[in-house]
Amino acid sequence: MKKKLVTVMLAGVLAAGMSAGSVQAATADDASGDLYVFIAASLNNAMEVIQKDFNEEYPDVNILFNADSSGTLQTQIEEGSRCDIFFSAATKQMDALVDEDLAKKDSVVDLLENKVVLIKPKDGETKVTGFENITDAANIALAGEDVPVGQYSREIFKNLGIEDDVNKMEINEGKNVTDVLASVSEGSNEIGIVYATDAASVADKVDIIAEAPAGSLETPVLYPVGLTEDAEASESEAAAADAFLAYLQTDDALKVFEEYGFAPYTAEETADNAEAEATEEAAN
């Protein structure tokens with residue numbers, strides 16, 4: 001299946017200092033050892049499948065996933081936790097690590113896109129019909145403010161002009177999107193806000209009421225992935241990180257992500273933007 005993301009893929013691989021051919025040579029001969037991959041909780045199911053596929057080609061690489069909210073993962077990396085690849089559910093956390101020289105800027109790729117949705121327990125009763133009348137619910141499950149989906153939720157409330165009213169509600173704040181999903185699927189909360197991919201993973205337990213209204217989010221829900229600084233990694237482990245980052249951008253991996261409800265992200269560059277960038281490069 002041909003992807004529009006091929007250009008982005010190649011740019012990401014080359015930015016890591018390798019052509020597609022050299023990736024194969026490095027991974028076949030050198031990639032091995034432990035690989036620490038920090039992933040947003042919403043990626044967990046898809047990444048487990050991708051891990052199995054990757055290990056069929058590279059059996060000597062032991063991938064160790066750490067799945068949690070992107071904000072929690074960012075803090076862990078800042079505090080010195082060993083990490084080779086960070087796969088965030090928002091650009092904010094990745095940008096912060098790049099600014100702190102903890103993530104390698106040239107390796108970062110905006111790989112996936114998701115949607116924010118309002119959910120209720122399967123066949124649950126609620127007067128809520130969309131984001132605009134969320135306050136008709138008795139209670140709501142929301143991720144915390146340091147969690148990307150929680151940040152997106154609050155941006156939606158602000159842009160819809162309902163932020164103050166929502167804050168007066170009974171709010172069950174989860175530490176990550178998985179907690180929010182569990183609260184709604186188990187019937188502990190009348191409604192909640194998660195990613196579309198999370199809702200799809202338990203379609204037998206929750207119903208989607210609505211997607212975030214058009215214009216309520218100023219930016220797409222992007223999932224950037226990139227290499228992080230790991231001073232403890234051996235050469236073979238660094239080669240494994242390069243190989244896995246490249247593999248995440250392949251058609252095979254993207255097909256798995258699509259099966260779990262994600263969409264490959266393709267940047268739409270306008271002619272004006274391209275001209276502006278060319279002018280800036282010439283000036284520099």
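**Buried charges and polar contacts**

Q: Is Arg82 buried or exposed, and at what relative accessible area?
A: The model is predicted, so local features are reported only at pLDDT of at least 70 and side-chain atom pairs only at pLDDT 80 or more, whereas totals for chains, interfaces and linings use all residues. Residues are numbered from 1 along each chain as its sequence is written, and side-chain values use heavy atoms, without hydrogens or water. Buried means under 20% relative accessible area, exposed over 50%, and partly exposed in between, with a 1.4 Å probe and protein chains only. By that rule Arg82 is buried, because its relative accessible area is 19%.

Q: Which acidic residues share a network of salt bridges with Arg82?
A: A salt bridge is counted when a side-chain nitrogen of Lys or Arg lies within 4 Å of a carboxyl oxygen of Asp or Glu. The side chain of Arg82 meets that of Asp230 at 2.8 Å, N to O, and Arg82 also pairs with Glu237, where the closest N and O atoms are 2.7 Å apart. Asp230 is buried, with a relative accessible area of 14%, and Glu237 is likewise counted as buried at 12%. The network therefore links Arg82 with Asp230 and Glu237.

Q: How many residues apart in sequence are the parts that Arg82 and Asp230 tie together?
A: Helices (H or I, at least four residues) and strands (E, at least two) are DSSP runs numbered from the N terminus. Arg82 lies in the loop between H4 and strand E3 (85-87), while Asp230 lies in the loop between strand E10 (221-227) and helix H10 (235-248), so the separation of the parts they tie together is 148 residues.

Q: Which residue forms a salt bridge with Lys120?
A: The N to O distance in this pair is 3.4 Å, and it links distant parts of the chain, with Lys120 in strand E5 (residues 116-121) and its partner in strand E9 (residues 206-211), 87 residues apart. Lys120 is buried at a relative accessible area of 15%, and the partner also counts as buried, at 17%. That partner is Asp207.

Q: What is the distance between the side chain of Asn139 and the backbone nitrogen of Glu190?
A: Asn139 lies in strand E6 (residues 139-143) and is buried, with a relative accessible area of 13%. Its side chain makes a polar contact (a pair of N or O atoms within 3.5 Å, one able to donate a hydrogen and the other to accept it, where residues adjacent in sequence count only if both atoms are side-chain atoms) with the side chain of Asn189 at 3.2 Å. From a polar atom of the Asn139 side chain to the backbone nitrogen of Glu190, the distance is 2.7 Å.

Q: With the side chain of which residue does Ser70 make a polar contact?
A: Ser70 has its place in helix H4 (residues 70-78), and it counts as buried because its relative accessibility is 1%. The contact has a distance of 3.4 Å, and the partner is Ser88.

Q: Is Asp95 buried, partly exposed or exposed?
A: Asp95 is found in helix H5 (residues 91-99). Its relative accessibility is 43%, so Asp95 counts as partly exposed.
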